[in-house]
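I opened this notebook to keep track of what I looked up, entry by entry. Below is the structure I was working from.

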Amino acid sequence: MANIFELLQGKEGDADYNKKPVIVQGITGKFGSLHTKLMQEYGTNIVAGVTPGKGGQKFENIPIYNSVKEAVDATGSKISILFVPAKFFLGAAKEAIEAGIKLLVAIPEHVPVRDSLIMLDLAKKNDVIIIGPNTPGIMIPEIIKIGIMPASPFKSGDIALLSKSGTLMYEVANNLTEAGFGQTITLGIGGDPINGTRLIDAFEMVKDTPNLKGMVVVGEIGGDAEEVLAQRIIDSNFKKPIVAYIAGRAAPKEKRMGHAGAIVYGNYGSAESKISMFNKANIPVAKRPGEVAMLLAGKFEKSD
Amino acid sequence: MRLLEYQAKQLFSEFGIKIPKGLTSKDVEQGRKDAEELGFPFVIKSQVPVGGRGKVGAIQKCHNQDEFNLKYPQILEMSVKGEKTRAILLEKMAEIKKELYLSLFLNRGKRCYTIIASSEGGVEIESVKNQVIREVGLGDVDKQVAEEVAKEIGLKGNSVTEFVDMLQKLSRLTIEKEAELAEINPVAVLNDGSLIALDGKVITDDNSNFRHAELEKFQERSELEERAEKSGFTLIELDGNIAVIGNGAGLVMSTLDMLSDNGGKAACFLDVGGGATPESVYEALTLISKIKKVKGILVNLFGGIVKTTTVASAFIKAYDEKLIDKPVFARLMGAESDKSKEMLKETKTKLFDSVEAAINAAVMEVRKSG
């Protein structure tokens, strides 16, 4: 699988180092247009938009194409961020994969699970990284932001932040930043039952980053991604400090708590199960988001 | 959506999976007619969207009219794990030789559908022993795989053919209805070796509802939940007395946890959603004002794309129109939070710098008011 940092930043010496071109699918929609502007403000190099039927027009000086293929041919971009209603998601995602996109950031919420599965099948065959659906996106703070997260909580640094939830990612990033822990990369897994990049995949993507000093994992009830990750951390003998936070301890069973994936059946998906696995992996679990930085600092003290 | 047993069985029947003869009613009059049509003996089964009915007596055998007169009203009034009985299924009993377990479900970790089968059914899945597990991609089960599973759970003779048929039909149902879980537990093996679905559980993908108008009749939502969905936010009613409002499902869950750690109980979970507008938040406050048990409102916002001013302006309007008479405890962070605090300064909303402080104050206040 392609290296995520290479996709997002390129290599030093590349003509487009730290200026990787990004396409926005659904650039003229309400969210697409708003976030295109915000990403541009952040410094992300948005080179093209796609809205069928609006090819030839421009949005904020960004050329619009009728298809992803045309946009890719014109710009050579390997990254696309997708803002289309859930109903049209699968078609748009397929189009991106078939046009040669290698990193697809899938923002839409409410995508049917079957559509996600079909997309993932295609993505695997074409060696494409999918972030989402139902993700806030991915960013290398102060370099590139491909997503809908606000800019202010994030700061460049050496902690990787992986999160299922959007707002909790901002909250925890803010807590880390205020405590002096900047982030090397922040990646939203998404709140759906099926994730293009699972926690375990995200861990594999970032764990060998040379300047990485530690990691924070923000999980929530539902599924067993956190348990699987904890087991992988044990097996891989990863020694850098990790701290976790799990939301949903007080949630009733068998109720979907806002995210499609946030539901507990019996013990499956429960916060207790996740917390006990993290404990087994010697990863402290914060009781509240505001505790994360403190626990991380504690881990660093011990490892010094 | 989670279907009730009789609804799941309706789908089974549509797809050709055999079920016992049964009739569903919602009041004792209809129940009597059903009993007459079905003839004694039969089983009276409470229809609730949770498991564990047997243990609390929500499923009972019924042999005659006297038993019926006693048990039907009892079960109709019964709650299982806090869920009220929605309807009553009267169902004929079968001569059972053996009970099996069979399900097809969305395996989140492996990102594919997975079959679980066992020769020991009739208990909850956590306790099902000797599970045979097969991953089947997008849910399509071919004949060969179905036969292998049948043999692995020890079926013989015509039961193998029956099982293959049942599993393939369950697979078609899973795919066509976009189920996250389709479970038959138990599958009964009858004396002649044929198979029948004695109980059923089907959970479909809510996000695919737009493709399944035919399932809408099974949808069960409170008026509040329905209005919330229409306005693009999520509202879940809970047991406590403090309404919790925030932006983002994770943040609201986290607020619920902290509230509960501090001895408070949430009356509802309200995520204003990523597309919140002053109008949608005002609608959210309107819905909260209809929840009688609410004694205080806790607001936790991390403004980003949804600006805290969006929520603040909805509160101002709600105060102006006297929609809110309960104390409000708010923590506002992120986008435009200074402006929001300024807006709310003159109102009765109590502002806090940390969510912990807001929670403490809310819990104290609600205790005081009894």
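**Entry on a salt bridge in chain B.** I began with Glu220(B), which is partly exposed because its relative accessibility is 44%. This is a predicted model, and I kept that in mind throughout. I then looked up the partner of Glu220(B), and found that it forms a salt bridge with Arg86(B), with the closest N and O atoms 2.6 Å apart. Glu220(B) sits in the loop between β12 (200-204) and α6 (223-230) of chain B, while Arg86(B) sits in the loop between β5 and β6 of that chain, so the pair ties together parts that are 134 residues apart in sequence. Arg86(B) also counts as partly exposed, because its relative accessibility is 24%. I noted as well that salt bridges sharing partners join Glu5(B), Lys9(B), Lys45(B), Arg53(B), Glu91(B) and Asp199(B) into one network.

**Entry on Thr85(B).** Staying in chain B, I looked at Thr85(B), which lies in the loop between β5 (83-84) and β6 (87-91). Is Thr85(B) buried or exposed? I found that Thr85(B) counts as buried, because its relative accessibility is 11% and the cut-off for buried is under 20%. Its side chain makes a polar contact with the side chain of Ser46(B) at 2.9 Å, and the side chain of Thr85(B) also reaches the backbone oxygen of Met78(B) at 2.8 Å. Leaving aside neighbours within four places in sequence, I listed the residues in contact with Thr85(B), among them Gln47(B), Val48(B), Ile75(B) and Leu76(B).

**Entry on charged residues in chain A.** Turning to chain A, I found Lys299(A) in helix α10 (residues 292-303), where Lys299(A) counts as buried at 17% relative accessibility. Beyond its neighbours within four places in sequence, Lys299(A) is in contact with Pro241(A), Ile242(A), Val243(A), Asn282(A) and Pro284(A). I also looked up two salt bridges in this chain. The side chains of Asp16(A) and Lys20(A) meet at 3.1 Å, N to O; Asp16(A) is partly exposed at 26%, whereas Lys20(A) counts as buried at 16% relative accessibility. Lys207(A) forms a salt bridge with Asp208(A), with the closest N and O atoms 3.3 Å apart, and here Lys207(A) is buried with a relative accessible area of 17%, while Asp208(A) is exposed at 60%. Over all chains, the structure holds 45 salt bridges.

**Entry on where the chains meet.** How many residues of chain A are in contact with chain B? I found that 63 residues of chain A are in contact with 48 residues of chain B. The area buried between the two chains is about 4,200 Å², and carbon and sulfur atoms give 57% of it. On the side of chain A, Arg114(A), Thr167(A) and Met257(A) lose the most area to chain B, together 15% of what that side buries. Between the chains I noted eight salt bridges, including the one from Arg288(A) to Glu356(B), whose closest N and O atoms are 2.4 Å apart. There are also 20 residue pairs in polar contact between chain A and chain B, both residues at pLDDT 80 or more. Of the elements in chain A, α5(A) gives the most to the side that touches chain B, with seven residues. By class, that side of chain A has 31 nonpolar, 16 polar and 16 charged residues.

**Entry on confidence.** Last, I looked up the scores: the model has ipTM 0.96 and pTM 0.95, and chain B averages a pLDDT of 95.

Methods
Residues numbered from 1 in each chain as written. Chains lettered and ligands numbered in written order. Predicted model: local features only at pLDDT ≥ 70, side-chain atom pairs only at ≥ 80, totals over all residues. Heavy atoms only, no water. Contact = heavy atoms within 4.5 Å. Buried area = accessible area lost by both parts, 1.4 Å probe. Salt bridge = Lys/Arg side-chain N within 4 Å of Asp/Glu carboxyl O. Polar contact = N/O pair within 3.5 Å; in protein donor to acceptor, adjacent residues only side chain to side chain. Helix = DSSP H or I, 4+ residues; strand = E, 2+ residues; numbered from the N terminus. Nonpolar A, V, L, I, M, F, W, Y, C, P; charged D, E, K, R; others polar. pLDDT = per-residue confidence, 0-100. Buried < 20%, exposed > 50% of the residue type's maximum accessible area, 1.4 Å probe, protein only.
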